[in-house]
Amino acid sequence: MNETVCSIEITKDSDILTAKIQSGKGRYVEIQNKDLDYLLEMIYEDISMEIEEDYW
């Protein structure tokens with residue numbers, strides 16, 4: 001059975017990138033950064049924690 005872990009929307013305003021993360025459990029987080037690589041790292045860490053909680 002497929003289950004949505006999260007939805008991610010990334011927007012850009014001037015030089016600031018914003019990631020809006022909505023988890024399948026209803027948790028909502030916004031992360032901002034100017035550096036795309038760092039923003040993606042932060043998204044990865046956030047999603048990893050969400051998945052590991054469900055896995056264990």
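Leaving aside neighbours within four places in sequence, which residues is asparagine 33 in contact with? The answer is Ile16, Leu17, Tyr38, Leu39 and Met42. The model behind this answer is predicted.

## The chain as a whole

The chain has one helix and three strands. Follow the sequence and the pattern reads β-β-β-α. The C-alpha atoms fill a box of roughly 40 × 15 × 15 Å, taken along the principal axes.

Of the 56 residues in the chain, 23% are buried. The chain exposes about 4,500 Å². Carbon and sulfur atoms supply 50% of that area. Now take the contacts between residues at least 6 apart in sequence. Among these, 20% join residues at least 24 apart.

## Charges

The chain carries 5 positive side chains and 14 negative ones. Each set has a centre, and the two centres lie 6 Å apart.

## The nonpolar core

The largest nonpolar core has seven residues. They are Leu17, Ala19, Ile21, Ile31, Leu39, Ile43 and Ile47. Two elements give two or more residues to this core: strand 2 (16-23) and helix 1 (36-55).

Leucine 39 is one of the core residues. Residues up to four places away in sequence are not counted here. Leucine 39 then touches Ile10, Leu17, Ala19, Ile31, Gln32 and Asn33. Among them, Leu17, Ala19 and Ile31 also belong to the core.

## Isoleucine 43

Isoleucine 43 sits in helix 1 and is part of the core. Is this residue buried or exposed? Its relative accessible area is 5%, so isoleucine 43 is buried. The cut-off for buried is under 20%.

Which residues does isoleucine 43 contact, leaving aside neighbours within four places in sequence? They are Ile8, Ile10, Ala19, Ile21 and Ile31. Lysine 25 gives a sense of distance. Isoleucine 43 and lysine 25 are 18 residues apart in sequence. In space, they are 16 Å apart, C-alpha to C-alpha.

## Asparagine 33

Back to the residue in the opening question. Asparagine 33 is found in strand 3, which covers residues 28-33. Its relative accessible area is 19%. Buried means under 20%, so asparagine 33 counts as buried.

What does the side chain of asparagine 33 reach at 2.8 Å? The partner is the backbone nitrogen of aspartate 35. Asparagine 33 is also in contact with Leu17 and Leu39, and both of these are core residues.

Terms used:
Residues numbered from 1 in each chain as written. Predicted model: local features only at pLDDT ≥ 70, side-chain atom pairs only at ≥ 80, totals over all residues. Heavy atoms only, no water. Core = buried A, V, L, I, M, F, W, Y, C linked by side-chain atoms within 4.5 Å. Buried < 20%, exposed > 50% of the residue type's maximum accessible area, 1.4 Å probe, protein only. Helix = DSSP H or I, 4+ residues; strand = E, 2+ residues; numbered from the N terminus. Contact = heavy atoms within 4.5 Å. Areas by Shrake-Rupley, 256 points an atom, 1.4 Å probe, with all protein chains shown as cover. Lys, Arg positive; Asp, Glu negative; His and termini not counted. Charge placed at Lys NZ, Arg CZ, Asp CG, Glu CD. Polar contact = N/O pair within 3.5 Å; in protein donor to acceptor, adjacent residues only side chain to side chain.
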